[in-house]
Amino acid sequence: MSGVFSGEPHIVLENVWKTFESGSVAVRNLSLEVYCGETLVLIGPSGCGKTTTLRLVNRLVEPTKGRILFDGENTLDMNPDRLRQRMGYVIQGIGLFPHMSVEDNVAVVPRLKKMPRQAVKETVARCLELVGLPVQAWGKRWPRELSGGQRQRVGVARALAGDPEVILMDEPFGALDPLTREVLQDELLALRERLGKTIVFVTHDIHEAMKMGDRVAVMKGGELVQVGEPLALLSRPADNFVADFVGADNHLAMFSFVKVKDVPPRTENLPVVGEGATFGEALDLAERTGIQYGRRRFVYVVDATGRVLGYADIEGFRARNDPVRAAVKPAPSVAPESSVHDALLRMVENGVINLLVLDDNRRMKGLLTFGDLNRLIENQRRGEGCTLKP
Amino acid sequence: MYLETLSHEVILQLALQHLQLVFCACLAAFLLALSIGIWVTRPSLKDRIAPRLVAQVLFLGQAVPSLAVIGLVMVVFGTGAPTAIFALTLGSLVPMLRNVVAGLRGVPAPVLDAARGNGMPPWTVLVRVELPLALPAIFAGVRTAVVIAIGTAALSSQIGAGGLGSLIFTGLAMFDMPLMLAGAIPTALLAIAADKVLGLAETRFRDKW
């Protein structure tokens with residue numbers, strides 16, 4: 001879902017300042033737009049004002065100067081409780097109400113919105129289902145009985161239950177172990193695809209920022225240093241701070257930010273044959289496309305519905321008229337959403353230099369070759385960006 | 001001996017009178033402590049002088065001995081049960097207030113943040129989040145205060161408010177050990193029983209989550 005969002009700005013911060021009573025300036029003259037449906041990640045070292053910025057949006061903190069518009073309306077003119085009910089809020093760790101069961105936690109906002117009893121019940125069931133904790137099994141549990149990852153899931157379900165227009169997340173996965181964090185990040189990405197909500201996400205983990213964000217806003221000392229798409233930050237960092245922060249000079253680090261689909265993989269002139277093809281046809285096609293593994297030629301084989309069955313090595317074929325189907329073996333593949341880092345690992349593990357790019361339905365989205373990765377590094381080194389896009 | 005003329009009914013009646021004093025005083029103290037405790041812990045008032053001052057004065061008040069409080073109150077209000085109740089209320093207020101404030105301040109900041117951040121109005125945050133979470137602490141305060149009040153109420157016979165204290169002080173004055181014990185033992189039993197019963201209720205609150 002990356003790309004430029006031409007949509008309406010959903011949240012607008014205009015020259016916002018926040019000075020606390022102690023005299024410390026948490027946010028300095030910050031102007032930022034969050035577009036409908038995008039995920040904007042706020043990132044920076046601790047004390048950079050990212051959390052304060054998030055809390056300014058739902059008025060847990062009020063601006064000293066400047067204004068914040070939500071759907072074009074100044075938030076200071078709105079009822080703060082009503083405003084917050086329109087924005088889901090997920091915080092790190094122990095934000096669940098310990099004295100309420102899981103289902104009561106999730107029911108908080110629907111009840112505040114005075115939804116009828118039956119509708120509350122249905123909403124709770126639906127939201128818990130979305131985060132993989134069916135209400136029959138988990139609804140009656142207490143938060144203390146859950147693992148950290150499960151609590152965080154309940155936190156997300158609670159934020160979704162009010163059917164908010166925006167979800168604000170303050171380091172939601174910060175307290176989790178790396179494995180659980182990965183899983184929850186992936187789940188959130190999938191949820192986002194389905195729900196299409198605007199999300200403002202605070203983190204101090206640059207990997208998380210690059211993975212989750214359609215755009216990433218880097219902050220330092222209360223100021224916005226740069227905002228842009230993850231790859232733009234990598235290829236055109238505004239200053240040394242951003243370059244250091246995103247690790248733009250670290251090619252291996254870059255590999256974990258760049259997604260396979262952004263490279264982009266080759267989609268034309270691929271050696272693909274239907275399952276009914278013969279070795280002769282496959283050989284001719286392989287000659288034309290010129291894609292080889294070492295000196296061996298091969299083709300990918302798809303069934304009638306377009307699903308990839310695997311690859312067929314056509315060097316050792318017996319007769320031109322034999323069906324290619326007989327030689328099909330499973331082909332190493334990678335998802336378009338995976339990082340280039342994962343793709344490279346997959347190549348090394350399988351001892352191949354070509355990787356199929358497959359979507360969830362095993363449909364071919366292209367071919368990623370080791371040569372592509374090589375050119376990616378060259379581009380980056382010459383400062384021409386970190387994709388192969390012209 | 002005077003004790004022989006003392007029937008069970010008299011002891012029971014005095015015990016009931018004793019409990020009445022304690023109950024009225026503790027109820028009044030509880031309502032006061034809850035109101036003041038809620039008032040001083042409101043975030044909007046955090047930096048105001050008034051709540052801090054009130055809390056300081058009340059906590060200092062705990063240092064004044066109960067008998068002195070009763071004496072002082074008597075000077076103003078005269079003798080009788082209302083005076084005793086007033087004095088007991090003052091005495092119970094501080095342990096209760098201490099725990100109400102501790103309980104409300106002890107609600108984890110992220111939980112409060114989540115409550116407000118999800119759009120709960122201040123009153124709802126108080127009723128649905130803060131008070132339930134502070135309940136075990138508040139209850140512990142009530143328990144301490146009730147036990148202390150049962151003991152202190154024995155002094156109120158000195159200002160003519162009755163209660164089991166009458167037996168104790170008469171017994172002491174007449175060097176009548178059995179008579180004194182007829183007041184002291186039920187007082188002790190009442191205190192122990194109240195402690196146990198309230199303790200049981202407290203654990204039930206605590207174990208719920």
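Trainee: How many aromatic pairs does a search of the whole structure find over all chains?

Mentor: Good place to start! This is a predicted model, and the search finds five aromatic pairs over all chains.

Trainee: How is a pair of aromatic rings described?

Mentor: Two values do the job: the distance of the centres and the angle of the planes. Let's try that on A:F241 and A:F245. Their ring centres lie 5.7 Å apart and their planes meet at 25°, so this pair is stacked. The cut-off behind that word is an angle under 30 degrees.

Trainee: Where do A:F241 and A:F245 sit in chain A?

Mentor: Look for helix α11, residues 240-246 of chain A. The two residues are four apart in this helix, so about one helical turn separates them.

Trainee: And are A:F241 and A:F245 buried or exposed?

Mentor: Both A:F241 and A:F245 are buried. A:F241 has another partner too: the charged end of A:K220 sits over its ring, 4.7 Å from the centre.

Trainee: Which residue has its charged end over the ring of A:F97?

Mentor: That one is A:R158, with its charged end 4.8 Å from the centre of the A:F97 ring. For a group of rings, find A:F298, A:Y300 and A:Y311, which ring pairs link into a cluster.

Trainee: Now for the two chains. How many residues does each chain bring to the contact?

Mentor: Chain A gives 23 residues and chain B gives 21. In chain A, the residues that lose the most area to chain B are A:F97, A:H99 and A:L112, together 26% of what that side buries. You have already met A:F97, under the charged end of A:R158.

Trainee: What is the area buried between chain A and chain B?

Mentor: About 2000 Å², with carbon and sulfur atoms giving 60% of it.

Trainee: Which side chains meet in a salt bridge?

Mentor: Those of A:R55 and B:D113, at 2.5 Å from N to O. The count between chain A and chain B is one salt bridge. There are also four residue pairs in polar contact between these chains, with both residues at pLDDT 80 or more. On the chain A side, α2 (80-85), β6 (87-91) and α4 (108-112) each supply at least two residues that touch chain B.

Trainee: Stepping back, how many helices and strands does chain A have?

Mentor: Chain A has 15 helices and 18 strands. Its C-alpha trace spans about 80 × 50 × 35 Å along the principal axes. Of the 390 residues in chain A, 54% are buried.

Key. Residues are numbered from 1 along each chain as its sequence is written. Chains are lettered from A and ligands numbered from 1 in the order in which they are written. This is a predicted model: local features need pLDDT of at least 70, side-chain atom pairs count only at pLDDT 80 or more; totals for chains, interfaces and linings use all residues. Side-chain values use heavy atoms; hydrogens and water are left out. Rings of Phe, Tyr and Trp (its six-membered ring) pair if their centres lie within 6.5 Å; planes under 30 degrees apart count as stacked, over 60 as edge-to-face and the rest as tilted. Buried means under 20% relative accessible area, exposed over 50%, partly exposed in between (1.4 Å probe, protein chains only). A charge sits over a ring if NZ of Lys or CZ of Arg is within 6 Å of the ring centre and within 35 degrees of the ring normal. Contact means heavy atoms within 4.5 Å. Buried area is the accessible area (1.4 Å probe) that two parts lose on being put together, summed over both. A salt bridge is a side-chain nitrogen of Lys or Arg within 4 Å of a carboxyl oxygen of Asp or Glu. A polar contact is a pair of N or O atoms within 3.5 Å; within protein, one must be able to donate a hydrogen and the other to accept it, and residues adjacent in sequence count only if both atoms are side-chain atoms.
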